[in-house]
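Colleague: I would like a close look at one part of this model. Please start from a single side chain and work outward to the spaces around it.

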Amino acid sequence: MRPTGKAKLAGVIGWPVGHSRSPLLHGHWLERYGIDGAYVPLAVEPGCLEAALQGLIALGFRGANVTIPHKEEALRLCHRLTPGAEAIGAANTLIVEADGILGDNSDGFGFLANLEEGAGWNPEGKRCLVLGAGGASRAVIWSLLDGGAAEVLLTNRTASRADSLAEQFGAAACPWEARHSAMDGMDLVVNTTSLGMQGQGPLELSLDALPATAVVTDLVYTPLETELLRAARARGNRTVDGLGMLLHQARPGFAAWFGVEPLVDEALRQAVLG
């Protein structure tokens with residue numbers, strides 16, 4: 001439906017922001033549920049985020065998603081934080097409340113919801129290998145440990161970053177060169193790096209030591225089936241692509257802003273893929 005003067009407003013803040021698929025995603029839900037609302041891209045230059053957040057409040061926005069490069073600064077500017085946002089150290093979902101802005105991080109929620117939907121998998125008592133030590137890795141590690149994982153082992157090309165994250169979250173770390181043998185006994189392997197993404201270098205990874213019962217997931221979703229997922233599927237492992245994480249992480253924000261618990265299904269996947 002076409003928004004009216006009483007429309008509920010939300011958007012996505014980033015720089016640049018034109019590449020974001022969030023307007024497609026939320027727009028699909030707004031149309032599906034017949035909500036008088038709008039979700040718009042908000043291009044905010046570095047250094048202007050504080051003014052932009054004040055603008056959200058002044059304009060009556062219900063909230064916004066936050067993407068690169070503003071997630072860490074958004075955390076500092078929020079009036080209150082959820083435990084997840086505080087632990088991860090970044091806010092990707094902002095909710096405007098009567099007493100200010102609540103900062104949340106829904107990446108961990110989206111990650112686990114995608115594994116549950118795609119493979120019926122949950123982390124309780126499981127052993128997990130996480131490749132990469134960037135911002136996405138922080139959300140993955142926190143969600144796995146918060147969900148009761150028995151072990152989270154982290155490896156990264158820059159060892160010092162893996163060691164630092166492991167110490168911060170109470171995980172373990174191993175050298176990048178040991179990533180192949182580290183798969184022995186694992187229940188989950190997660191690629192949080194950009195390796196394997198279209199336009200990036202390949203992820204060189206042998207799956208020989210990985211149990212056949214393990215699940216393999218890749219946060220990369222361009223291409224939708226990466227070489228890692230293709231290799232894992234060929235040897236019989238269950239695989240989960242990264243698009244579902246993007247879709248599921250949007251659910252808490254949409255529910256808070258527009259008052260409807262949205263559904264992630266094939267129609268939404270196709271709308272976002274274009």
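Modeller: Start with Asp107. Leaving out residues up to four places away in sequence, Asp107 touches Lys71, Asn92, Ala139, Met245 and Gln249. Contact here means heavy atoms within 4.5 Å. The model is predicted, so local features need pLDDT of at least 70 and side-chain atom pairs pLDDT 80 or more, while totals for chains, interfaces and linings use all residues. Residues are numbered from 1 along each chain as its sequence is written, and side-chain values use heavy atoms, without hydrogens or water.

Asp107 is found in helix 5. Helices (H or I, at least four residues) and strands (E, at least two) are DSSP runs, numbered from the N terminus. Asp107 counts as buried because its relative accessibility is 14%. The cut-offs are under 20% relative accessible area for buried and over 50% for exposed, with partly exposed in between (1.4 Å probe, protein chains only). The side chain of Asp107 also makes a polar contact with the side chain of Lys71, at 3.5 Å. A polar contact is a pair of N or O atoms within 3.5 Å; within protein, one must be able to donate a hydrogen and the other to accept it, and residues adjacent in sequence count only if both atoms are side-chain atoms.

Lys71 leads to the largest pocket. Of the 43 lining residues of that pocket, Thr67, Ile68, Lys71, Ala136 and Tyr221 lie nearest its centre. On a 1 Å grid over the protein atoms alone, a pocket is an open set of points with protein on both sides within 12 Å along at least five of seven lines; a cavity is a set where a 1.4 Å probe fits but cannot get out; lining residues have an atom within 4 Å of a point. The pocket holds about 1400 Å³ of space. Such a volume is the space filled by probe spheres set on the points, which are joined across faces, edges and corners.

Strand 3 (63-66), helix 3 (71-77), helix 6 (135-146) and helix 9 (243-249) each supply at least two residues of the pocket lining. Helix 6 gives the most, with four. By class, the lining has 16 nonpolar, 20 polar and seven charged residues. Ala, Val, Leu, Ile, Met, Phe, Trp, Tyr, Cys and Pro count as nonpolar, Asp, Glu, Lys and Arg as charged, and the others, Gly among them, as polar.

Ile68 has another feature. The peptide bond from Ile68 to Pro69 is cis, with omega near 5°. Pro69 sits in the loop between strand 3 and helix 3.

Met245 leads to the largest cavity. That cavity is lined by Phe111, Asn114, Thr217, Asp218, Leu219, Asp241, Gly242 and Met245. Helix 5 (107-119) and strand 11 (215-218) are the elements that give two or more residues to this lining. The cavity holds about 30 Å³. Its lining has three nonpolar, three polar and two charged residues.

Now the wider frame. The protein has eleven helices and twelve strands. Its radius of gyration is 19 Å, close to the 19 Å that the globule rule gives for 274 residues, so the protein is as compact as a globular protein of that length. The radius is taken over C-alpha atoms, and the rule is 2.2 Å times the number of residues to the power 0.38. Buried residues make up 48% of the 274.
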